[in-house]
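Please find below some comments on the model you sent round. They are set out as numbered points, to be read with the structure open.

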Amino acid sequence: MGEEASINLSAFENRLSPVALACFRVLFGNARDRISLDGPRKMYELPLDGFIEASGAGDIETAARSIRDIIQCRVEMKKGDALYFFPFLASITIEKGIVRYSLLPELESELPSIPMP
């Protein structure tokens with residue numbers, strides 16, 4: 001059995017603007033809900049309009065700027081004696097009214113147990 005990992009998302013709370021943090025919470029919550037229902041996926045999706053409304057971003061430019069800020073933050077994971085840093089998003093696209101994104105497997109497996117930041 002593998003070692004238990006401890007995930008720290010404080011960089012997101014400390015570094016992101018309120019709108020970018022709200023965008024992060026929408027992406028985080030959607031992925032966690034999907035994992036809880038269906039297990040890990042290769043790709044998660046949200047309608048762009050719903051993403052903008054749920055996050056309060058207001059428009060696509062603000063949402064895109066918030067996503068850029070999210071990409072700059074790092075997840076901190078402690079596992080045993082090792083400390084890992086990696087991005088929350090493995091990939092993300094906004095295309096044809098859909099936000100599609102993927103997560104790294106290391107994060108995806110831990111996501112259901114991480115409290116919402």
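The points below take up the sheet, one of its edge strands, and the cysteines.

1. The model is a predicted one, and the remarks that follow should be read as remarks on that prediction. Within it, three strands form an open sheet in the order 1-3-4, with antiparallel pairing. Strand 1 and strand 4 (82-86) are the edge strands, each of them pairing on one side only. On average, and with direction ignored, neighbouring strands of this sheet are turned by 20° against each other.

2. Strand 1 (residues 5-8) is antiparallel to strand 3 (residues 75-79), and the two are joined by four bridges. Across this pairing, Ile7 stands opposite Met77, while Asn8 has Glu76 of strand 3 opposite it.

3. In a regular strand, side chains alternate between the two faces of the sheet. Strand 1 has a covered face, made up of Ala5 and Ile7, and an uncovered face with Ser6 and Asn8.

4. What does a search of the whole structure find in the way of disulfides? The search finds zero. For Cys23, the closest cysteine sulfur is that of Cys73, and because the two sulfurs are 12 Å apart, they are too far from each other for a bond; the cut-off applied to such a pair is 2.5 Å. Cys73 is accordingly in no disulfide, its nearest cysteine sulfur being that of Cys23.

5. Are these cysteines buried or exposed? Cys23 is buried, with a relative accessible area of 0%, and Cys73 also counts as buried, at 2% relative accessibility.

Definitions and conventions:
Residues are numbered from 1 along each chain as its sequence is written. This is a predicted model: local features need pLDDT of at least 70, side-chain atom pairs count only at pLDDT 80 or more; totals for chains, interfaces and linings use all residues. Side-chain values use heavy atoms; hydrogens and water are left out. Buried means under 20% relative accessible area, exposed over 50%, partly exposed in between (1.4 Å probe, protein chains only). Two strands pair if DSSP finds at least two bridges between them. Axes are lines fitted to C-alpha atoms, for helices over the stretch in contact, and angles run from 0 to 180 degrees between N-to-C directions.
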